[in-house]
Amino acid sequence: MIISQILENVVLFCALAPFDNEQSDLMNRLYLDTNLNQIPIYKEFLKCFITNELMRWPKIEEYYVKNFKKESSFIFENNEKGIKRLEDLHKRVIEHNIRVIAKYYTRISVKRLTQLLDLPAPETETFLSNLVTNKTIYARIDRPQGRISFRQTEVTDSILNVWGGQVKSVLDLIGKTGHLITKEEM
């Protein structure tokens, strides 16, 4: 009983923590813990943050937060800390969704991003800007065209260096092949 309460709190506080490598590693390790099988709703909740899929806030709030409110050890309402935790959880869901979108899209319109996040444009831009300044993702916003680019532009020198290296390796292979053919003919 005590282990399950501790795991519940660890899962919830891990979800509330800002995203970084350590938080991601801890979530993945927690998900593999066999004791988490005793509390399946928390395992499902943790899986939402581990998988690269969008989470809809209304569904998270309706299903998970509603069930978490019943728990006495972790309260999301009735005091300032609980309300702050609920707001932080909402932020973490939005940040997770932006990271997932950045993985799958190279360019997206602001309108479509606001639809996917269920947020107005100014809030979407604020969350996106925070993730860019924390260097969690790379993004550039083109306000006149209403587009967001998640792909980093490559420097022409690096493109030419990569191309030159590939051409050199192909020429080396051709030289080795020609040498082997000559050797076989003799």
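## Exercises: glutamine 23 and a cavity

The side chain of glutamine 23 comes within reach of the backbone oxygen of cysteine 14, at 2.9 Å. The model is predicted.

**Exercise 1.** Place glutamine 23 in its helix, then decide: is glutamine 23 buried or exposed?

*Solution.*
1. Find the helix. Glutamine 23 sits in helix H2, which covers residues 21-32.
2. Take the relative accessible area of glutamine 23. It is 8%.
3. Apply the cut-off. Buried means under 20% relative accessible area. Therefore glutamine 23, at 8%, is buried.

**Exercise 2.** Find the surroundings of glutamine 23: which residues is it in contact with, leaving aside its neighbours within four places in sequence?

*Solution.*
1. List the contacts. Outside those neighbours, glutamine 23 touches Cys14, Ala15, Ala17 and Pro18.
2. Look for polar atoms. The backbone oxygen of cysteine 14 is 2.9 Å from the side chain of glutamine 23.
3. Check alanine 17. Its backbone oxygen lies 3.5 Å from a polar atom of the glutamine 23 side chain.

**Exercise 3.** Describe the largest cavity: which residues line it, and which helix gives the most to the lining?

*Solution.*
1. Count first. There is one cavity of 30 Å³ or more.
2. Give the volume. The largest cavity has about 30 Å³.
3. Name the lining. It is formed by Val110, Ala121, Thr124, Glu125, Ile141 and Ile148.
4. Pick the helix. Helix H7, residues 121-133, gives the most, with three residues.
5. Sort the lining by type. Four residues are nonpolar, one is polar and one is charged.

Conventions. Residues numbered from 1 in each chain as written. Predicted model: local features only at pLDDT ≥ 70, side-chain atom pairs only at ≥ 80, totals over all residues. Heavy atoms only, no water. Helix = DSSP H or I, 4+ residues; strand = E, 2+ residues; numbered from the N terminus. Buried < 20%, exposed > 50% of the residue type's maximum accessible area, 1.4 Å probe, protein only. Polar contact = N/O pair within 3.5 Å; in protein donor to acceptor, adjacent residues only side chain to side chain. Contact = heavy atoms within 4.5 Å. 1 Å grid on protein atoms, 1.4 Å probe; cavity = no way out; pocket = protein on both sides within 12 Å on 5 of 7 lines; lining within 4 Å. Points joined across faces, edges and corners; volume = space filled by probe spheres on them. Nonpolar A, V, L, I, M, F, W, Y, C, P; charged D, E, K, R; others polar.
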